[in-house]
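Trainee: Please take me through the labels that are used for a model like this one, and show me how each of them is earned.

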Amino acid sequence: MKTGIVFDMDGTLWDSAREVALAWNQVIVRRGMRPLTDQDLARVMGLPMDKLARALFPEMEAQASYDLMDECVLVENDYLEAHGATLYPGVEETLRSLRHSYPLYIVSNCQCGYIEAFLAHYGLGELFEDTQCYGLNRKQKGENIRIVAERNGLDRVIYVGDIEGDYHATVEAGGQFVHAAYGFGVLPEEIAKKVPAIRRFCELPAVIEKICQE
């Protein structure tokens, strides 16, 4: 059985809320709009890009908010590739360890170029077999997890994410979910009881091993 580990980005591998706010504000302030805060970004991390735009700019018409977001993310990708963000402790070491036993993937609700900026800044591209994002096909995360699984011949998918939407996407894709409990999301109690959780990224290998032994 081929088991693949698929990772969410924000709230799982890194926290980029501060850096994304800094990048977006380069565009927003020029327009005379209120600057975004870290907290503004943190509360919408993980949403598909269209929903993120509507959540951050509800006062704008939908298409105008999408156009503004498109302008912001171009600046964001360049900024993150150059400066990085806050990588969670133990991420690089744990990924390199897991890579010896399992193929690794990333599926995120982000724009095109975001995953690439992360991989380029930290030099982690060699660790991942494949990636997929909302920006490539405008599909929801559950479908994109399934696309990666089918494209790479995976018999079992273990998805690591931090918000409730990640759990539902994993279930939709027929995968098994691990909650990154240190991230942005808190799961409802009825879901939290059903899934394993990690409170530090370095705990992941032991959880994966237990899942694979079941």
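Mentor: A helix here is a DSSP run of H or I with at least four residues, and helices are numbered from the N terminus. In this predicted model, helix H4 covers residues 62–83, and the helix is followed by Gly84, whose phi is positive, near 70 degrees.

Trainee: What span does H4 reach, and what is expected at 1.5 Å a residue?

Mentor: With its 22 residues, H4 reaches 30 Å from the first C-alpha to the last, which is close to the expected 32 Å.

Trainee: Why is Cys72, a residue of H4, called buried?

Mentor: Buried means under 20% relative accessible area, and Cys72 has a relative accessibility of 0%, so the residue counts as buried. Among the other buried residues of H4 are Leu68, Val73 and Tyr79, and the buried residues of this helix pack against strand S2 (14–15) and helices H1 (17–28), H3 (49–56) and H6 (114–122).

Trainee: Why do Cys112 and Cys133 not count as a disulfide?

Mentor: A disulfide needs cysteine sulfur atoms within 2.5 Å; the sulfur of Cys112 is 4.3 Å from that of Cys133, the closest cysteine sulfur, and is therefore too far for a bond. A search of the whole structure finds 0 disulfides. For Cys72, the nearest cysteine sulfur belongs to Cys110 and is 16 Å away.

Trainee: What makes the contact between Lys141 and Asp8 a salt bridge?

Mentor: The cut-off is a side-chain nitrogen of Lys or Arg within 4 Å of a carboxyl oxygen of Asp or Glu, and the N to O distance in this pair is 3.1 Å, so the pair qualifies. Lys141 lies in helix H8 (residues 141–151) and Asp8 in the loop between strands S1 (3–7) and S2, so the bridge ties together parts that are 133 residues apart in sequence. Lys141, with a relative accessible area of 4%, is buried, and Asp8, at 3%, is buried as well. Asp8 and Lys141 are also linked with Asp166 in a network of salt bridges.

Trainee: How do you know that Arg156 has no salt bridge?

Mentor: Glu214, the nearest side chain of opposite charge, is 7.0 Å away from Arg156, whereas a salt bridge requires a distance within 4 Å, so this pair does not qualify. Arg156, which is buried and lies in strand S6 (residues 156–161), does have a side-chain polar contact of 3.1 Å with Thr3.

Terms used
Residues numbered from 1 in each chain as written. Predicted model: local features only at pLDDT ≥ 70, side-chain atom pairs only at ≥ 80, totals over all residues. Heavy atoms only, no water. Helix = DSSP H or I, 4+ residues; strand = E, 2+ residues; numbered from the N terminus. Expected span 1.5 Å × (residues − 1). Buried < 20%, exposed > 50% of the residue type's maximum accessible area, 1.4 Å probe, protein only. Contact = heavy atoms within 4.5 Å. Lys, Arg positive; Asp, Glu negative; His and termini not counted. Polar contact = N/O pair within 3.5 Å; in protein donor to acceptor, adjacent residues only side chain to side chain.
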